[in-house]
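Good morning, and thank you for making time for this presentation. Please keep the sequence and the structure in view while I speak.

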Amino acid sequence: MKKTNTRILLLLLAGFYAMPTVAQEMEQEPKLVQTETKEPKDFKGLSGITKNVIIGYAYSDFIYDPHSEIKTNFTRVGFSPTMVWMLGEKLFFESQVEFYTDSGNINTKIEYLKLSYIINKYMTVGMGKMLTPFGLYTERIEAPFIEKLPNAPLGLRQMDGVPNIGPISPEMGVDLRGGFYVGDSKMNYVLYVSNGAKLNDGLSETHLAGTLNYENFFDNNSNKSFGGRIGYLPLSNSSLEIGGSWSYSEVGDVKTAYEHLMSKAYSFDVTYHKTYPALKSMIDFKGQVNFLEVDKANYFDEKGDVYSFENRSNIYYVRLSLRPALVHNKYMKRFEFIGRYSVADFANDALWGGYAQRTDLGISYWLSLRIGLRIAYEKGDGLHGVSTEAILVRFVTGF
Amino acid sequence: MLFLSLPSCKTSAAVKEKSGAILWSENCSRCHYSPDPEDYNDAQWEVIVMHMRVRTSLTEDESQKILKFLQDSN
């Protein structure tokens, strides 16, 4: 009996001494959970601290077309808020939503939506709907606040009924990108995998047979597009950038005669931007050429007859602008003078084929660094030999 | 090969000495006119610079210097 009592006493004592330890663990547990939630050990840079900002732009367009039945028209307004979140030091989310009117209709779309993670100082990986890194125009220039003229070069803005020559519209996929110095010069790269383009076989839109649609948000085959861009800035002041891009993709619908049709697209771009004190001005030159080749295939015309054509097209543009930012006159320094020439040379024997060229001469007046009034005169030859001429006005703000 | 050679890439002394203001001027104005540093607060600049670092493949050193310049100037 005495032995049993001694054992019970020892157990109680052990329990008593153990109690503070359990209590301490209970106190520490929430702290541990909180710490582990804030700083997961698997990935660096996910602090859980969120910072965000909304940037973007809005614009309103007017056109005077002397050859049209309706000579004057307020054609388009657009508003594009861009939401950007930092979800830690290395994780980052961005999305741009576009609201715009087009031919009397109100449109809404997600221009891009991408989650990016900075792996290290040389590599960032991102996945989602992305502005395709093919050439420089789509990723860096196209936004109406950045494009100095009220319109885009021929073939470089996605429009209904006009073929895309290379991936000029956003795609679904993943990219890996980064930049680094090599001595005085700098290089940047982007490699990407995406759903790729979808071939228009012409069964529902006969006149567009053989064109590609890159807004392929639900892939039409298992083959993925592989592409990228390498940029090289040879000068230490980064004034010159030369870039080369490529994109390879099978484009036909699965289980059709077009399934293994390949498309190959290439692009070369150049940027030169420098301030010349002698001219009291900033000079900006940009250019880009896109080449696209799709394997030859048979299509049906409106009568149901089979036809085929060499599906090779190219587009290019060059743009030069001068802004006398160093002159003393406070009004003059707000002007920018711009000239641009663009060409679209579509596959000759396609139903949508032909040659178009256009010259744009414009003036941009910067009311502030965020607000621009742009006026341009454009003149050119359309695809079917029809001359085009118009005066365009755009009022735009970036925020 | 590109990725294997990255760690051996050396930045020249002239480039290393560039200030945030110079890098801001050289890189941002190639595409667009830059807003006034006072237009955003420190936290907002941090987000915007990360956005532009990813979009234009700025190096880590460039983006850090540009961010510091903007935060010091607002």
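D253(A) is partly exposed, because its relative accessible area is 22%, and buried residues must fall under 20%. In this predicted model, D253(A) forms a salt bridge with K198(A), and their closest N and O atoms are 2.9 Å apart. D253(A) sits in the loop between β11 (240-250) and β12 (262-276) of chain A, while K198(A) belongs to strand β8 (residues 198-199) of chain A, so the pair ties together parts that are 55 residues apart in sequence. K198(A) is likewise partly exposed, with a relative accessibility of 29%.

What allows such pairs to form? Side chains of opposite charge can pair when their charged atoms come close.

Let me turn to a second pair. The side chains of R157(A) and E142(A) meet in a salt bridge, at 3.4 Å from N to O. Where do R157(A) and E142(A) lie in chain A? Both R157(A) and E142(A) are in the loop between α2 (137-141) and β6 (171-182) of chain A, so this salt bridge ties together parts that are 15 residues apart in sequence. R157(A) counts as buried, because its relative accessible area is 19%. E142(A) is also buried, at 16% relative accessibility.

A third pair consists of K286(A) and D284(A), whose side chains meet in a salt bridge at 2.9 Å, N to O. Are these two buried or exposed? K286(A) is buried, with a relative accessible area of 2%, and D284(A) is buried with a relative accessible area of 2%. Both K286(A) and D284(A) belong to a network of salt bridges that also links E147(A), R319(A), R340(A), R358(A), D360(A) and E378(A). Over all chains, the structure holds 32 salt bridges.

I now come to chain A as a whole. Chain A contains 2 helices and 20 strands. Of its 399 residues, 45% count as buried. Among the contacts in chain A with a separation of 6 or more, 56% are between residues 24 or more positions apart. The exposed area of chain A is about 20300 Å², and carbon and sulfur atoms supply 63% of that area.

On the surface there is a nonpolar patch, formed by Y64(A), L361(A), L367(A), L373(A), I375(A), Y377(A), I391(A) and F395(A), which together have about 690 Å² of accessible area. The elements giving two or more residues to the patch are β18 (354-368), β19 (371-381) and β20 (387-398) of chain A. Which element gives the largest share of the patch? That element is β19(A), with 3 residues. As for L367(A), its place is in strand β18 of chain A, and it counts as partly exposed because its relative accessibility is 42%.

Finally, I would like to consider a helix in chain B. Helix α4 of chain B covers residues 42-56 and has 15 residues; from its first C-alpha to its last it reaches 21 Å, close to the 21 Å expected at 1.5 Å a residue. At the start of α4(B), a side-chain oxygen of N41(B) comes to within 3.2 Å of the backbone nitrogen of A43(B). After α4(B) comes S57(B), whose phi is positive, near 55 degrees. Which residues of α4(B) are buried? They are W45(B), V47(B), I48(B), V49(B), M50(B), H51(B), R53(B), V54(B), R55(B) and T56(B).

Thank you for your attention.

Conventions:
Residues are numbered from 1 along each chain as its sequence is written. Chains are lettered from A and ligands numbered from 1 in the order in which they are written. This is a predicted model: local features need pLDDT of at least 70, side-chain atom pairs count only at pLDDT 80 or more; totals for chains, interfaces and linings use all residues. Side-chain values use heavy atoms; hydrogens and water are left out. Patches are made of residues with over 30% relative accessible area and no salt bridge: like charges are joined within 9 Å, nonpolar side chains (Val, Leu, Ile, Met, Phe, Trp, Tyr) within 5 Å. Accessible areas come from the Shrake-Rupley method with a 1.4 Å probe; for residues, only the protein chains shown count as cover. A salt bridge is a side-chain nitrogen of Lys or Arg within 4 Å of a carboxyl oxygen of Asp or Glu. Helices (H or I, at least four residues) and strands (E, at least two) are DSSP runs, numbered from the N terminus. Buried means under 20% relative accessible area, exposed over 50%, partly exposed in between (1.4 Å probe, protein chains only). The expected span of a helix is 1.5 Å times one less than its number of residues. A polar contact is a pair of N or O atoms within 3.5 Å; within protein, one must be able to donate a hydrogen and the other to accept it, and residues adjacent in sequence count only if both atoms are side-chain atoms. Contact means heavy atoms within 4.5 Å.
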